[in-house]
Amino acid sequence: MPELPEVEALREYLDEHLTGRVVERVLPLAVSVLKTYDPPLTALAGQPAGTTARYGKFLAVPVGELHLVTHLARAGWLRWQDALPAQPPRPGKGPLALRVRLVGGGGFDLTEAGTQKRLAVYVVHDPQEVPGIARLGPDPLAEGFDRDAFAALLAAERRQIKGVLRDQSVLAGIGNAYSDEILHAARVSPFKLAASFTEEQLTQLYDAVQGTLREAVDRAHGVAAGKLKAEKKSGLRVHGRAGEPCPVCGDTVRSVSFADSSLQYCPTCQTGGKPLADRRLSRLLK
């Protein structure tokens, strides 16, 4: 799933390639992709695109007086093309979900792999009309989001820290991969209760959030949209690397599987050498 660093890189890419261009047509190709119907997609035709904004994992492109908002979900992606095919694509064929054609040629496609169609597109007057944006917590890289603001978010939490970091209403933009990376950098178990952190541990976790995300944003800066997925994977230390040696201590990275996702961690770095039970509602093995 694209998370804050990749979506930020896509925002920068669209700023460079899309800002000032005029939309010729927006063509939906998957029944599930469009989540709003008023204003219609046709209202975007003939309007110039402005500076793209990011809200957590959402991208919002101003087009005239409206906004084209996208959430790429788990398997969605944006593919820029300097020259689009002259013939419109056929709906329902392959992963293509929506095409934006620009006056003068070029544009971009939104694609989604797999059978679970969760990619979402909205046309709204204000991005805050999108329910997912309206409920977002603070952006962890926003100016003014300091250690005290972070501590206040966690103070009343009785949930495990892994789930708290992924909750978009608490922090905007962190998903499964970067929560694993943050907790590994902070040397914290993914199942530690958020409210149980000491002051020193809170500082370590805040520093890990900032360091992990900023490093990933820096790596993604200037990378072409089509290469961002590979860049993300190459920079991950534990996520998606079960069975491989931890780059810090050499212990074997382990995994805990859930119904539709999994997490990865290093026992030596994060859980005192104890493996976590690989089952739902996992707890430390005695």
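I began with helix 1 (residues 4–17), which lies across strand 5 and strand 7 and runs at about 25° to strand 5. Helices (H or I, at least four residues) and strands (E, at least two) are DSSP runs, numbered from the N terminus. Axes are lines fitted to C-alpha atoms, for helices over the stretch in contact, and angles run from 0 to 180 degrees between N-to-C directions. Contact means heavy atoms within 4.5 Å.

I noted that this is a predicted model, where local features need pLDDT of at least 70, side-chain atom pairs count only at pLDDT 80 or more, and totals for chains, interfaces and linings use all residues. Residues are numbered from 1 along each chain as its sequence is written, and side-chain values use heavy atoms, with hydrogens and water left out.

Next I looked up the sheet. It is open, has four strands in the order 1-6-7-5, and its pairing is antiparallel. Strand 1 (23–28) and strand 5 (76–81) are the edge strands, each pairing on one side only. From one strand to the next the twist averages 15°. Two strands pair if DSSP finds at least two bridges between them.

Then I checked one pair. Strand 6 (residues 96–102) and strand 7 (residues 107–112) run antiparallel and are joined by five bridges. Leucine 96 stands opposite threonine 111 in strand 7.

Last, I looked up glycine 273, in the segment after helix 8 (267–270). Glycine 273 is partly exposed (between buried, under 20% relative accessible area, and exposed, over 50%; 1.4 Å probe, protein chains only), at 43%. Leaving aside neighbours within four places in sequence, glycine 273 is in contact with Pro267 and Thr268.
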